Amino acid sequence: MEPDKKKYINTALVISLILVVIELVGKFAGFTFDTWFKWLPSVLLIVALIIACRNFGKERSGNVSFGNVFGYGFKVTLIVTGIMLIYTILALFFIFPEMKDLVIEEARKQMEEKGTLSQDNIDTALAMTRKLFIPFAILGVIFGTLLIGALGSLLGATFTKKTQAQNSF
């Protein structure tokens with residue numbers, strides 16, 4: 001295996017492990033529905049990607065382009081997305097099978113607190129949510145992680161020092 005390939009795979013594994021541990025700790029500690037906790041994995045992913053991209057540039061003494069660094073960060077993101085997808089599927093079906101019901105009950109509480117929907121409308125919305133929960137969770141993990149990862153890679157590439165003249169072609 002090429003050293004660069006091994007490097008971004010190892011980086012992705014470390015980032016994924018951190019994100020999974022944070023998710024597990026949060027679920028066991030009861031932070032799942034706290035607003036600050038919902039954003040924590042995204043912030044950690046962005047920070048981790050910025051650090052990884054900067055380290056990638058430093059290891060090459062700044063002899064990198066914006067595209068090289070962004071590509072490195074996005075390769076890491078793709079692997080993290082795959083691992084987080086596997087974790088999410090395992091969590092929803094085996095580790096925390098009750099999570100679907102907890103999320104739907106939390107949604108019911110929020111809808112009832114707003115008071116803008118009738119009970120029939122709430123029941124209809126939650127029945128649809130129950131049917132589509134797994135597909136939405138899977139798509140949310142894929143697109144959410146890719147979007148946040150692209151942002152982290154973009155920021156990482158921006159903040160990485162480059163000594164090589166940028167080639168416009």
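Buried, as I use the word in these entries, means under 20% relative accessible area, and exposed means over 50%. The model I am reading is a predicted one.

**Entry 1: threonine 32**

I looked up threonine 32 and found the residue in the loop between α1 and α2. Its relative accessible area is 17%, and because the cut-off for buried is under 20%, I enter threonine 32 as buried. I then set aside the neighbours within four places in sequence and listed what threonine 32 still touches, which gave Gly26, Lys27, Phe37, Lys38 and Met99.

**Entry 2: the aromatic residues**

Phe37, which is in contact with threonine 32, led me to the rings. I noted six aromatic pairs in the structure. One of them joins tryptophan 36 to phenylalanine 37, and I recorded this pair as edge-to-face, with 5.8 Å from centre to centre and 85° between the planes. Phe31, Trp36 and Phe37 together make up one aromatic cluster. Is phenylalanine 37 buried or exposed? I read a relative accessibility of 5% for phenylalanine 37, so the residue goes down as buried.

**Entry 3: the largest pocket**

I turned next to the largest pocket, which holds about 1100 Å³ of space. Elements giving two or more residues to its lining are α1 (3–29), α2 (35–59), α3 (66–95), α4 (99–114) and α5 (119–159). Which element supplies the largest share of that lining? I found that α5 does, with nine residues. The lining of the largest pocket comprises 31 residues, and those that lie nearest the centre are Glu23, Lys27, Lys38, Ala137 and Val141. Two of these names, Lys27 and Lys38, I had already written down as contacts of threonine 32. By residue class, I sorted the lining into 19 nonpolar, eight polar and four charged residues.

**Entry 4: threonine 77**

I looked up threonine 77 in helix α3. Its relative accessible area is 1%, so threonine 77 is buried. Leaving out the neighbours within four places in sequence, I found threonine 77 in contact with Leu49, Thr145, Leu146, Gly149, Ala150 and Ser153. For the last of these I also took the C-alpha to C-alpha distance: threonine 77 and serine 153 are 8.0 Å apart in space, while 76 residues separate them in sequence.

**Entry 5: serine 61**

I checked the backbone at serine 61, which is not a glycine and nevertheless has a positive phi of about 55°. Serine 61 is found in the loop between α2 and α3. With a relative accessibility of 60%, above the 50% that exposed requires, serine 61 is therefore exposed.

**Entry 6: the whole chain**

Last, I stepped back to the protein chain, in which I counted five helices and zero strands, so that the order of elements from the N terminus reads α-α-α-α-α. What radius of gyration does the protein chain have, set against a compact globule of 169 residues? I entered 20 Å for the chain, where such a globule would have a value near 15 Å. Along the principal axes, the C-alpha atoms fill a box of roughly 65 × 30 × 25 Å. I count 31% of the 169 residues as buried. Of the contacts between residues at least 6 apart in sequence, 78% join residues that are at least 24 apart, and the contact of threonine 77 with Ser153 spans 76 residues.

Note on methods. Residues are numbered from 1 along each chain as its sequence is written. This is a predicted model: local features need pLDDT of at least 70, side-chain atom pairs count only at pLDDT 80 or more; totals for chains, interfaces and linings use all residues. Side-chain values use heavy atoms; hydrogens and water are left out. On a 1 Å grid over the protein atoms alone, a cavity is a set of points where a 1.4 Å probe fits but cannot get out, and a pocket is an open set with protein on both sides within 12 Å along at least five of seven lines; lining residues have an atom within 4 Å of a point. Grid points are joined across faces, edges and corners, and a volume is the space filled by probe spheres set on the points. Helices (H or I, at least four residues) and strands (E, at least two) are DSSP runs, numbered from the N terminus. Ala, Val, Leu, Ile, Met, Phe, Trp, Tyr, Cys and Pro count as nonpolar, Asp, Glu, Lys and Arg as charged, and the others, Gly among them, as polar. Rings of Phe, Tyr and Trp (its six-membered ring) pair if their centres lie within 6.5 Å; planes under 30 degrees apart count as stacked, over 60 as edge-to-face and the rest as tilted. Buried means under 20% relative accessible area, exposed over 50%, partly exposed in between (1.4 Å probe, protein chains only). Contact means heavy atoms within 4.5 Å. The radius of gyration is taken over C-alpha atoms; the globule rule is 2.2 Å times the number of residues to the power 0.38.
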